[in-house]
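Open the model in your viewer and keep the selection panel at hand. The stops below go from confidence to domains, then to strands and the contact between chains.

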Amino acid sequence: MRAQFRSRIRLVLLFIILIALAVFTRLYFIQIVHGDDYSQKADRQFAAGGSGLFDRGAIYFTRKDGTLISAATLATGFLVAINPQTLSDPEAAYAALSTVAPDALSHDAFLAAAAKKNQVYIEVVHHLSDTNGQILAKKEIPGMQILRERWRYYPGGTLASQSIGIVTYGSGDLLAGRTGLEATYDDALSRSGDSLYKNFFAELFSNVGNLLVAAKDAREGDVITSIEPEVQTRLQDDLAKVSQKYSSKESGGIIMDPATGAILAIATYPSYDGNNLQNVEGTALGNPLVEHIHEFGSIMKPLTMTAALDAGVITPQTTYNDTGCITVNKAKICNWDLKARGVIPMQQIIVQSLNVGASWVATELGQDTFRSYFTKLFGAKTGIDLPNEGRSLLGNLSKPQQVGYDTASFGQGIAETPIQMIRALGAIANGGVMVTPHIARAVRLDSGIERTLDWGQTVPVFSPEAARETTAMMTAVVDEKLQNGQAKIPTMSVAAKTGTAQLTDGRGGYYTDRFFHSFTGFFPSYSPRFIILLYTNDPQGVTYASDTLGTTFLDLTHFLIDYYAVPPDRGIATSSAVTP
Amino acid sequence: MRSRRILQILFFRMHNIRDHIPFSALSLCYGVVGVLLVSYIGLIAVVMSYAAFTVEFSQSVKNDEAAVAVLEGQYLAGVAHLTNIDYAALGYAKPVQKVFVREESVTALR
C-alpha cells in the first residue's frame, strides 16, 4: 500500500516536472531562438523606444438626447520611418510606399531623406491608415520601419474648432492643449502614458501611495461639453452664408441656455479645421467670441432700459419728447433716420430703436447709477472656460461728459466681448440674474465616474419685474416691427433686438459707411430656453442688422423650436390650428 | 519527573504520527519544491501574459475608438450635408399650415 502511494507521488512529480520542462523549452524558443524575430515584429507594430504612443482624453459634444459624439479623440494608424544606413534600395522602397500613400511624399523628398547616410532614423510619412500601414509592413522592406502612431483627431473638422482648440508642441517638445478647451482642460485631458508599460508588481510595490490615493485617477478624464452638434452645424452654416453673402470681415454667434449658461453652439466664420493646420495663421487660432471686443450698437438699449426700470427712474408708461436729434457736450446724437417722434412711451425706444430715447433714459438714470449697472454687467470677465478672455472697454463711463453715457446707452463708445454681451443680455431673459457661460458641463473620470462641473455662481443685476417689462418691449419688436410684423410666430413669443453700430476709423472717429451688425433674441419670451447672439463685422452693401441677420435669427429660431419641439406658449388656447 | 512524562507522551505521539505517514519527509519536500517551482513559472507566465494582454487589449480599444471616431466623422459630415441642402431647390415647399395638438398620455392613444 505504502509503495503504491509512493509510486503515485513520483508519477505526479514526474508529470509536474515534464510540464515545467515544456514551459521552459517554450520560453527558450520564444526568447532565445526566435527572440530577434519577435523583437522586430514588435518594432513594426508598436512605437519604438520609451516614448510610447500619444494618449489624451476625449472631448465630447452632447446631442439633445444625451448621446455623446466625439469632438476631439484619437486616431490610430502608422508612421513610416527609414534608416538611410540600411535602406539598400530607395527607389524600390519609394515605389512600395507610393502604392499605399501616393500623395504622402514626393519622390525627390524621399530620396533626399534616404541620402542622409549619417542618420539612422528619419520619419517620412505620418498618419498612414491602419490598412495601408499593414500592407506596407507585410512587404518587410529592409531599412524601412512601419511604426504604430496615434494622433489627435477632430471628427467634426471645423465644427466648433475655435472653442475645442488644438494640441500642438508649442515651444517645447511636449504635446499639449494650446487653445480652446484643449488648453483649459489640459490637466484633465493629458495622460502620463505610463500605465500600460509598467511592470505590474513593480507598480504595485513602488507606488502604493498612488494606488491608495489615486490622485491621477481623480484628475484625468474626458471632457463633456454642452455643445449640440446639429445646432452647432446649423449656426456655422448660417454664419457662413451671411459672411459670404455680404462679404463680411467676420461673423459670429452664440446660442446659450439663459438659465444655466450652458452654451449649445458657439461659432465664428471664418474658422479652421483642427485636422489640417498647415495653412492656418496663428492669429486665426484664437476665439474672437471671447477675445475680441466690439461696440455692439442698439442691442445695448434693452440693458439701458432694464437698468432704468430697475432703478425706478422710469416705468413702461413713462413718456418723453423725441426730437430726432439732440446735442450733448457739443456732439450731435440722432435717431437712425434722423426723424422726430414727438411724445412717445418707453416701449417705442426699443421697438423703433431710438438713440435719442436711449440717451434720455441714460440722463434720467444719472451717471453714477448708469456706471454702477454697466460695471456690474461688463466690468468683470464672464469666467467662461476658454483661455485668453478679453476685458471690456468702459473708459467713457469714468469721464464726467454726459455724451459718453448717452452713446453707451445705445452701444457706442464702450466695447465688450460677444460672450460678455450674451451673458448681460441673458440677465433680461433670466429674471435679472447673470449666469456663468460655459462650454464643458462635466468631466468623465477614467474610473467612469462623471464629475459634474459647478457653474452655479450667479450675479443678480435687475429685478425680475424690470426684466419682464423689458422682455415685453423686446417681444413687441418681433411681433410688430421685424419684417413689418411678418416675423411674428403666432404660437411662440420671441423677444429680440437689432443693433447697428458704426465702426471706429482708428483716428478717434467713426466711419459713416461701415458698420458692425448685431442681433439678439430669446424665446419663449417669458420662460426662455434659448438666447441667441449674432454679429457680422463690416458687411458690404447693407446698412442695417435687420437686413443681414434678421433672416438668420429667424431661421435659427424656427430650427430650434422644431428640433427641440419647444411647446407653444401662446396662440392655441382657443384654437388648435394656426396658420403661420 | 512530571516533565519527563510529558516529553515521553509527546515523543510517543510523534512517533505514532511518523508511523502513520505513508511517505518520507524527503518526498514531501520534493513535492513542495516541485509545486513551488511550477507555481513560480506559472506566475511568471501569468504576469507576462497579463502584460501582453493588457497592451493588446488597450491597443484594441484604441483601434475601436478610432474606428468609432471615423463613423462619428461620417455622422457629422452627414449632418452638415443635410443642413446645407436647399430644400426649395429640390422642389419642396414650406408647409402652409401647422396644426398643434395637445400632448396626450400613451394610453390615451390606444
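pLDDT is the predictor's confidence in each residue, on a scale from 0 to 100. Colour chain A by it: the average is 90, and 91% of the residues score at least 70. This is a predicted model, in which local features need pLDDT of at least 70 and side-chain atom pairs count only at pLDDT 80 or more, while totals for chains, interfaces and linings use all residues. Residues are numbered from 1 along each chain as its sequence is written, with chains lettered from A and ligands numbered from 1 in the order in which they are written.

Helices (DSSP runs of H or I, at least four residues) and strands (runs of E, at least two) are numbered from the N terminus. Among the elements of chain A, helix α18 (residues 418-429) has the highest mean pLDDT, 98, and strand β21 (residues 577-578) the lowest, 46. Next select residues 46-50 of chain A, where the pLDDT is below 50. Beyond near neighbours in sequence, this stretch has seven contacts in the model, a contact being two residues whose C-beta atoms, placed from the backbone, lie within 7 Å. Residues 575-580 of chain A are also below 50, with 15 such contacts. Where pLDDT is low, the predicted coordinates should not be read in detail.

Now select the domains of chain A, whose bounds come from an automatic or database domain assignment. Domain 1 covers 45-57 + 75-153, and domain 2 covers 229-272 + 282-563. Their centres, taken over C-alpha atoms, are 53 Å apart.

Then show the open sheet of five strands in chain A, ordered β9-β8-β20-β19-β18 with antiparallel pairing. Two strands pair if DSSP finds at least two bridges between them. β9 (263-269) and β18 (495-504) of chain A each have a single partner strand, so one side of each lacks a neighbour in the sheet. β18(A) pairs with β19 (residues 510-523) of chain A over nine bridges; to find the register, select A:Ala495, which stands opposite A:Phe522.

For a hairpin, go to β11 (residues 325-328) and β12 (residues 331-334) of chain A, antiparallel over four bridges. Two residues lie between these strands, and A:Asn329 in the turn has a positive phi of about 50°. A:Val328 stands opposite A:Ala331.

Finally, which element gives the largest share of the side of chain B that touches chain A? Select α2(B), which supplies 27 residues. The contact takes 34 residues from chain B and 36 from chain A.
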